[in-house]
Amino acid sequence: MSLVELKTAVEELSPKELTELAAFIRERDNGAWDAQIETDSASGKLDALFHEAEEERESGVLRDWPAE
């Protein structure tokens, strides 16, 4: 099914079905994002960011989250 066909089908959904589809797409997108972060973290791509954040925390620029 093409993107054009999908868009046409979405236009025909009821409000309830559209809400369900939006939730499904959000869950898929969030899952893909989480998987990408895990992959990048495991491969070391985020190490520089972790190191920078640690340096900023130690210098007082970046603070810990407040305790709840």
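Charge is a good place to start: the chain carries 7 positive and 18 negative side chains, and the centres of these two sets lie 4 Å apart. Keep in mind as you read that this is a predicted model. Three salt bridges pick out some of those charged side chains, and they make handy landmarks for a tour of the helices.

**Overall layout**

- How many helices and strands does the chain have? There are 3 helices and 0 strands.
- Following the sequence from start to end, you meet the pattern α-α-α.
- The radius of gyration is 20 Å, well over the 11 Å that the globule rule gives for 68 residues, so the chain is more spread out than a compact globule.
- You can put rough dimensions on this too: along its principal axes, the C-alpha trace spans about 55 × 30 × 15 Å.

**Surface and interior**

- Buried residues account for 3% of the 68 residues in the chain.
- About 6400 Å² of the chain is exposed, and carbon and sulfur atoms supply 57% of that area.

**The salt bridge between K16 and E20**

- Here is a general idea to carry through the next three groups: side chains of opposite charge can pair when their charged atoms come close.
- K16 forms a salt bridge with E20, and the closest N and O atoms of this pair are 3.2 Å apart.
- Why are K16 and E20 separated by about one helical turn? They are both in helix α2 and sit 4 residues apart, which explains the spacing of about one turn.
- K16 counts as exposed because its relative accessibility is 59%, and the cut-off for that label is over 50%.
- E20, at 46% relative accessibility, counts as partly exposed.

**D40 and its partner K45**

- D40 is found in helix α2, which covers residues 15–43.
- Is D40 buried or exposed? With a relative accessibility of 15%, D40 counts as buried, because the cut-off for buried is under 20%.
- The side chain of D40 meets that of K45 in a salt bridge, at 4.0 Å from N to O.
- The two partners have contrasting surroundings: K45 is exposed, with a relative accessible area of 62%, whereas D40 is buried, with 15%.
- Which residues does D40 contact, leaving aside its neighbours within four places in sequence? The answer is K45 and L46.

**The salt bridge in helix α3**

- Helix α3 runs over residues 47–59 and holds both E54 and R57.
- E54 forms a salt bridge with R57, with the closest N and O atoms 2.7 Å apart.
- Because E54 and R57 are 3 residues apart in this helix, about one helical turn separates them.
- E54 is partly exposed, with a relative accessible area of 33%.
- R57 is also partly exposed, at 36% relative accessibility.

**A look along the sequence from I37**

- I37 lies in helix α2.
- At 33% relative accessibility, I37 counts as partly exposed.
- How far apart in space are I37 and R26? Their C-alpha atoms are 16 Å apart, and the two residues are 11 residues apart in sequence.

Note on methods
Residues are numbered from 1 along each chain as its sequence is written. This is a predicted model: local features need pLDDT of at least 70, side-chain atom pairs count only at pLDDT 80 or more; totals for chains, interfaces and linings use all residues. Side-chain values use heavy atoms; hydrogens and water are left out. Helices (H or I, at least four residues) and strands (E, at least two) are DSSP runs, numbered from the N terminus. The radius of gyration is taken over C-alpha atoms; the globule rule is 2.2 Å times the number of residues to the power 0.38. Buried means under 20% relative accessible area, exposed over 50%, partly exposed in between (1.4 Å probe, protein chains only). Accessible areas come from the Shrake-Rupley method with a 1.4 Å probe; for residues, only the protein chains shown count as cover. Lys and Arg count as positive and Asp and Glu as negative; His and the chain ends are not counted. The place of a charge is taken as NZ of Lys, CZ of Arg, CG of Asp or CD of Glu. Contact means heavy atoms within 4.5 Å.
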